[in-house]
Amino acid sequence: MSEKILTIGYSTLAHRVKNISPPEVNLEYEVLISIQDPENLDFTLPSNFEFKSIKSNDKGVAKSRNVVLKNTTTKYLLFADDEIVFLSDGIKSTISYLENNPDCDLVLTRAIDKNGVLRKDYSSKEENLTKFNSAKVATYEMIVRVNSARSMGVVFDEKFGAGVENYLGDEYIFITDLLKKGGKAVFLPVTIAIHPEESSGSRWGTESDLRARAQVFQRVFGRYTPFVRIAFYLKNFRKFGGLRNLAKFSIGKV
């Protein structure tokens, strides 16, 4: 049997672990499931495929992803959640790219919805990732070279992501931290996953949304944050309900 090269690492809650279906990927891979169970629920693990699992009483998806990253033993790691369906050809193509480009530490790819429509406005060509073109990343679009992340000390910032007050931005921060440490990340116009529409977008423009986004920009851009916040707000001012919150957002006092 060939050596396993890829881990598909799921982050889920105890009451949702039953939703995970066996990945149909034509590669030698293993499955690792990080299960958060802060309420000590009685739950049943899937029985129709092989996997490793780690249970904790923690809360927050960034903590769960760090558990997966810490415990992965393969060369590459693909992050997942309990709603995902993976596409084998796209994953194989992305792994092939990483094998042929050892200087690349992370590849960002595409996902479609259940109707086969691309989930966002992706680039149509390969391009290097920067702070300015990776903010819309979703974790299940990422494949990471594990040893690169570990050698650079790059982990998910547990102050961000679903389950904590700053409920978004953990993936974006992960990529920009990797870039700050000298890593290389690339976008490929390759589709690797099917994922339903996310509900977090419905929070656009609310005070909690503005606060979270303001803190993400602070984390990524430091002293240049006010300028970035203003540019972002003006680009999206209709989603934010006009200009009424611009001043507060620019200084992070929403």
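These are numbered notes on the fold, core, helices, loops and surface of a predicted model.

1. Overall size. The chain has 254 residues and a radius of gyration of 18 Å. A compact globule with 254 residues would come out near 18 Å, so the chain agrees with that expectation. Along the principal axes, the C-alpha trace spans about 60 × 45 × 40 Å.

2. Secondary structure and contacts. The chain holds seven helices and nine strands. Take the contacts between residues at least 6 apart in sequence: 68% of them join residues at least 24 apart.

3. Burial and surface. Of the 254 residues, 51% are buried. The accessible surface of the chain is about 12,900 Å². Carbon and sulfur atoms account for 50% of that surface.

4. Nonpolar core. The largest nonpolar core contains 74 residues. Which residues have the most contacts inside it? They are Leu6, Ile8, Tyr10, Phe86, Leu106, Met142 and Phe174. Two of these names come back below: Leu6 in point 5 and Phe174 in point 6.

5. Leu6. Leave out residues up to four places away in sequence, and Leu6 still touches a long list. Leu27, Glu28, Tyr29 and Glu30 are among its partners. Thr74, Tyr76, Leu77 and Leu78 also touch Leu6. Ile91 and Ile95 complete the set.

6. Helix H4. This helix covers residues 170-180 and is mostly covered itself, with nine of its 11 residues buried. The buried residues run from Asp170, Glu171 and Tyr172 through Ile173, Phe174 and Ile175 to Thr176, Asp177 and Leu178. Charged residue types are thus on the buried list, including Asp170, Glu171 and Asp177. What do the buried residues of H4 pack against? The helices are H1 (61-71), H3 (146-152) and H5 (207-221). The strands are E6 (106-112), E8 and E9 (185-194).

7. After H4. Gly182 follows the helix, and its phi is positive, near 95 degrees. Gly182 also serves as one end of a distance check in point 9.

8. Glu141. This residue sits in the loop between strand E7 (127-128) and strand E8 (142-145). Is Glu141 buried or exposed? It is buried, because its relative accessible area is 1% and the cut-off for buried is under 20%. Beyond residues up to four places away in sequence, Glu141 touches Val107, Leu108, Thr109, Arg110 and Ala111. Lys120, Tyr122, Lys136 and Ile192 are also in contact with Glu141.

9. The E2–E3 loop. Glu39 lies in the loop between E2 and E3. Its relative accessible area is 60%, so Glu39 is exposed. Asn40 is in the loop between strand E2 (29-36) and strand E3 (52-56). Asn40 is exposed too, with a relative accessible area of 54%. The phi of Asn40 is near 55 degrees, a positive value in a residue other than glycine. How many residues apart are Glu39 and Gly182 in sequence? They are 143 residues apart, and their C-alpha atoms are 40 Å apart in space.

10. Nonpolar surface patch. Ile230, Leu234, Phe237 and Leu243 make a nonpolar surface patch of about 330 Å². Leu234 belongs to helix H6 (residues 225-235). Why does Leu234 count as partly exposed? Its relative accessible area is 43%, which is below the exposed cut-off of over 50% and not under the 20% that defines buried, so it falls in between.

Terms used: Residues numbered from 1 in each chain as written. Predicted model: local features only at pLDDT ≥ 70, side-chain atom pairs only at ≥ 80, totals over all residues. Heavy atoms only, no water. Patch = residues over 30% accessible without salt bridge, like charges linked within 9 Å, V, L, I, M, F, W, Y side chains within 5 Å. Areas by Shrake-Rupley, 256 points an atom, 1.4 Å probe, with all protein chains shown as cover. Salt bridge = Lys/Arg side-chain N within 4 Å of Asp/Glu carboxyl O. Helix = DSSP H or I, 4+ residues; strand = E, 2+ residues; numbered from the N terminus. Buried < 20%, exposed > 50% of the residue type's maximum accessible area, 1.4 Å probe, protein only. Core = buried A, V, L, I, M, F, W, Y, C linked by side-chain atoms within 4.5 Å. Contact = heavy atoms within 4.5 Å. Rg over C-alpha atoms; globule rule 2.2 N^0.38 Å.
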